[in-house]
Amino acid sequence: MEKLNPMIVQTLGGVLKLLRLRFDPEPDVCPTSAITPDELAWPRVVRRAFSDPLVTHESTGVHGRGTEEVKTNDVTRRVGTGEVGYVVEFGRPTVGVRFRDIETMTRALAGIGIEFEPKNPVTHLMSDVKTGKLRDDILDEKILSAIVEFKTRIETVPAVLSKVDEVSRTLPTVVAIGVSTRCEKDGGSALEPVLAAEGFSFVRGKTNLGLGRGV
């Protein structure tokens with residue numbers, strides 16, 4: 001319609017409206033598939049996996065930047081009694097992050113003895129899971145965001161929070177941390193007083209009701 005004279009369109013539309021007819025000219029827009037993404041080679045291909053939520057990670061078969069975390073813990077039981085699950089997110093919103101900065105955090109966390117989630121995409125890019133070392137050929141790649149997942153015993157929470165806070169202050173990106181644990185039968189949580197004692201404000205963002213548990 002951009003190429004048609006607007007006066008003609010308005011006049012013809014008015015006449016056809018009186019006759020209870022419609023004038024629907026073929027839209028003059030960009031044709032389907034006119035924009036196609038470039039084929040990316042390694043290591044730039046990791047940018048697509050961590051920047052497009054519709055892309056499935058080849059290493060994990062999971063869409064997005066991480067896993068389902070504890071959203072299905074009633075079925076997976078990834079976080080057990082007395083354990084705490086963590087997600088450390090980098091780069092969101094809109095800032096982005098380089099893998100080199102993620103490695104700074106993962107190596108610092110590995111130094112205090114945490115256990116990285118094996119199904120997490122970032123874990124699959126580690127050349128040494130015990131030390132948190134990432135592959136050298138991806139360190140300079142910048143992505144939209146990424147999530148590092150791991151778990152510890154609840155006694156280790158203060159050390160983890162302190163380390164994440166310390167390292168995040170040295171990184172040129174945004175870092176956010178989420179923690180989760182199993183609630184007590186009365187709905188309480190041994191994690192909440194620990195967070196308060198460490199000076200962290202928090203809200204219960206997600207609660208798993210156990211409805212997915214099999215009988």
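In this predicted model, the accessible surface of the protein comes to about 13,800 Å², and carbon and sulfur atoms account for 55% of that area. The protein has 215 residues, of which 35% are buried. Its secondary structure consists of seven helices and eight strands. Among contacts between residues at least 6 apart in sequence, 74% join residues that are at least 24 apart.

A good place to begin a tour of the fold is the open sheet, in which four strands are arranged in the order β3-β7-β1-β8 with antiparallel pairing. The edges are formed by β3 (115-116) and β8, each of which pairs on one side only. As general background, strands of a sheet pair through backbone hydrogen bonds, in either a parallel or an antiparallel fashion.

Within this sheet, β1 deserves a closer look. The strand β1 is joined to β7 (residues 146-153) by eight bridges, and the two run antiparallel. In this pairing, Tyr86 stands opposite Phe150 of β7. Seven bridges link β1 to β8 (residues 175-181), again in an antiparallel arrangement. Here Glu89 faces its counterpart Ala176, as the two residues stand opposite each other.

How many of the residues of β1 are buried? The count is eight of eight, and the strand is accordingly described as mostly covered. In a regular strand, side chains alternate between the two faces of the sheet. For β1, cover is found on both faces: Glu83, Gly85, Val87 and Glu89 are buried on one side, while Val84, Tyr86, Val88 and Phe90 are buried on the other.

The loop that follows brings two backbone features to notice. Pro93 lies in the loop between β1 (83-90) and β2 (97-98), and the peptide bond joining Arg92 to Pro93 is cis, with an omega of about 10°. Thr94 is found in the loop between β1 and β2 as well. This residue has a positive phi of about 65°, although it is not a glycine. Both features are worth a glance on screen, because most residues other than glycine have a negative phi and most peptide bonds are trans. Thr94 counts as exposed because its relative accessibility is 74%, above the 50% cut-off.

Asp101, in helix α4 (residues 99-110), offers a different kind of detail. Is this side chain's residue buried or exposed? Asp101 is buried, yet it has no salt bridge. The nearest side chain of opposite charge belongs to Arg98, 6.1 Å away, whereas a salt bridge would require the atoms to lie within 4 Å. Leaving aside neighbours within four places in sequence, Asp101 is in contact with Leu171 and Pro172.

Finally, the outside of the protein carries a nonpolar surface patch of about 340 Å², made by Val15, Leu18 and Leu19. One of these residues, Leu18, is placed in helix α1 (residues 6-18). Leu18 is classed as exposed because its relative accessible area is 76%, which is over the 50% threshold for that class.

Key: Residues numbered from 1 in each chain as written. Predicted model: local features only at pLDDT ≥ 70, side-chain atom pairs only at ≥ 80, totals over all residues. Heavy atoms only, no water. Buried < 20%, exposed > 50% of the residue type's maximum accessible area, 1.4 Å probe, protein only. Patch = residues over 30% accessible without salt bridge, like charges linked within 9 Å, V, L, I, M, F, W, Y side chains within 5 Å. Areas by Shrake-Rupley, 256 points an atom, 1.4 Å probe, with all protein chains shown as cover. Contact = heavy atoms within 4.5 Å. Pairing = 2+ DSSP bridges. Lys, Arg positive; Asp, Glu negative; His and termini not counted.
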